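Subject: Structure handover

Hi,

Here is the structure I promised to pass on. Please open it alongside this email, and the notes below will walk you through it.

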Amino acid sequence: MSPSPNTPARDRLRIAIQKSGRLAEPARALLASCGLSWRESRDRLFCYGESLPIDLLLVRDDDIPGLIDQGVCDLGVVGRNVLLEQDRGRGGNGAAPTFREWRALGFGGCRLSIAVPDSWEWQGAQQLAGRRIATSYPALLGQWLQEQGIAADIVMLSGSVEIAPRLGQADAICDLVSSGATLAANQLKPVQTILESEAVLAGPAHELDSVRGELAELLLRRLDGALRIRHSKLLLFQAPRRVLPDLLPLLPDAEAPTVMRLDDNDDLALQALCHGAVTWQRLEELKRAGARGLMVLPVEGMLA
Ligand code: PRT
Ligand code: ZN
């Protein structure tokens, strides 16, 4: 396929991302690292893909699963918490899910947790029986309570869930937690995680077809490369051949290192793509084991 930005609308891939909020910038940065660039519309609701026919729709995160469902956009970057809440929320009418998680994206990490007042001595989930739990995630909480066999009242609130116990609206809450500072400031403590969440690339339950399918595949290939090298570094060094057995165990996270023989002596030049942290300590260990001329380079792109 030779991608050209001047393609008809049906042949353009449309991705919904958050207009503003926690996921907005990291989503754009990740897509930009896949080689996408855009021209933004005056109303700042639409970004027209310039390098590839892949456009962005800037929306509220809660609207993203519905937009995929309606076919208004093909893909979206959204928290797993939002995606699953809307998916479970549809369960009641028996409809098959029309969207699913395509990739976990490694940012926007948080937990959907039950939190109770600091004064409670937590003995286990059964303590929630007959209690009122405030949340913006009634479907996920309802499913978890059902799985635990607990009958409790779900109090649906669209925001400021953490103050519900102090206002007497609820006994406990179920909300997103990252650092835990908000809970602590409200004299609450997390006692049970019901979902580990992060930003995900969401798409339809089925494959996309024709040109948009090809574009989605191209994007996924680049995305997989970008995610894979996110914390990777290229390590270059030299070493005598005889110390190789001591060096390789120090590179457990490296893809099979490339080993090149240097001219006229027993020295080797090695090149290893490390997916874990390449710390000073690790460099020092390699040096002690006989490596020299150690050099750590950033990795800008990778296509498997
Ligand atoms: O305007 P729009 O509807 O698009 O945005 P929003 O206000 O609904 O969403 P936003 O930007 O707040 O969050 C978007 C997504 O970020 C969420 O759906 C999660 O997937 C993810 N995320 C990651 C979080 C948090 N961490 C988080 N800490 N979303 C919300 N919080 C809130 C939480 O609700 C609580 O009020 O932060 C507070 C707790 O934070 P800590 O650090 O004090 O524990
Ligand atoms: Zn929202």
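How many cavities of 30 Å³ or more does a search of the whole structure find? It finds one. Please keep in mind that this is a predicted model.

**The cavity**

Its volume is about 30 Å³. The residues lining this cavity are Ala 27, Leu 30, Leu 31, Val 77, Leu 105, Leu 201 and Leu 223. Helix H1 gives the largest share of that lining, with three residues.

**Helix H7**

One of the cavity-lining residues, Leu 223, is also among the buried residues of H7. This helix covers residues 210-228. Its length checks out: 19 residues at 1.5 Å a residue should span 27 Å, and the end C-alpha atoms are 27 Å apart, so the two values agree.

Which residues of H7 are buried? They are Gly 213, Leu 215, Ala 216, Leu 218, Leu 219, Leu 220, Leu 223, Gly 225 and Ala 226. The cover over them includes two kinds of element. Helix H1 (24-33) is one part of it. Strands contribute too: E1 (13-18), E4 (54-59), E5 (75-79), E6 (99-104) and E12 (199-204).

**The sheet**

Next, look at the open sheet of five strands. Their order is E9-E8-E10-E7-E11, and the pairing is mixed. E9 (153-156) and E11 (188-197) are the edge strands, each pairing on one side only. From one strand to the next, the twist averages 30°.

Inside the sheet, E7 (residues 110-117) and E10 (residues 172-177) run antiparallel and pair over five bridges. For a spot to click on, take Ala 115: its bridge partner in E10 is Ile 173.

Helix H3 (residues 80-90) packs on this sheet. H3 touches E10 and E11. The direction of H3 makes about 75° with that of E11.

**The pocket**

Where do H3 and E10 turn up again? Both help to line the largest pocket. H3, E10 and helix H6 (181-185) each supply at least two residues of that lining. The pocket holds about 980 Å³ of space. In total, 35 residues line it. Closest to its centre are Arg 22, Asn 81, Tyr 137, Asp 175 and Leu 176.

That is the full handover. Send me any questions once you have had a look.

Best wishes

Note on methods
Residues numbered from 1 in each chain as written. Chains lettered and ligands numbered in written order. Predicted model: local features only at pLDDT ≥ 70, side-chain atom pairs only at ≥ 80, totals over all residues. Heavy atoms only, no water. Pairing = 2+ DSSP bridges. Helix = DSSP H or I, 4+ residues; strand = E, 2+ residues; numbered from the N terminus. Axes fitted to C-alpha atoms, helices over the stretch in contact; angles between N-to-C directions. Contact = heavy atoms within 4.5 Å. Expected span 1.5 Å × (residues − 1). Buried < 20%, exposed > 50% of the residue type's maximum accessible area, 1.4 Å probe, protein only. 1 Å grid on protein atoms, 1.4 Å probe; cavity = no way out; pocket = protein on both sides within 12 Å on 5 of 7 lines; lining within 4 Å. Points joined across faces, edges and corners; volume = space filled by probe spheres on them.
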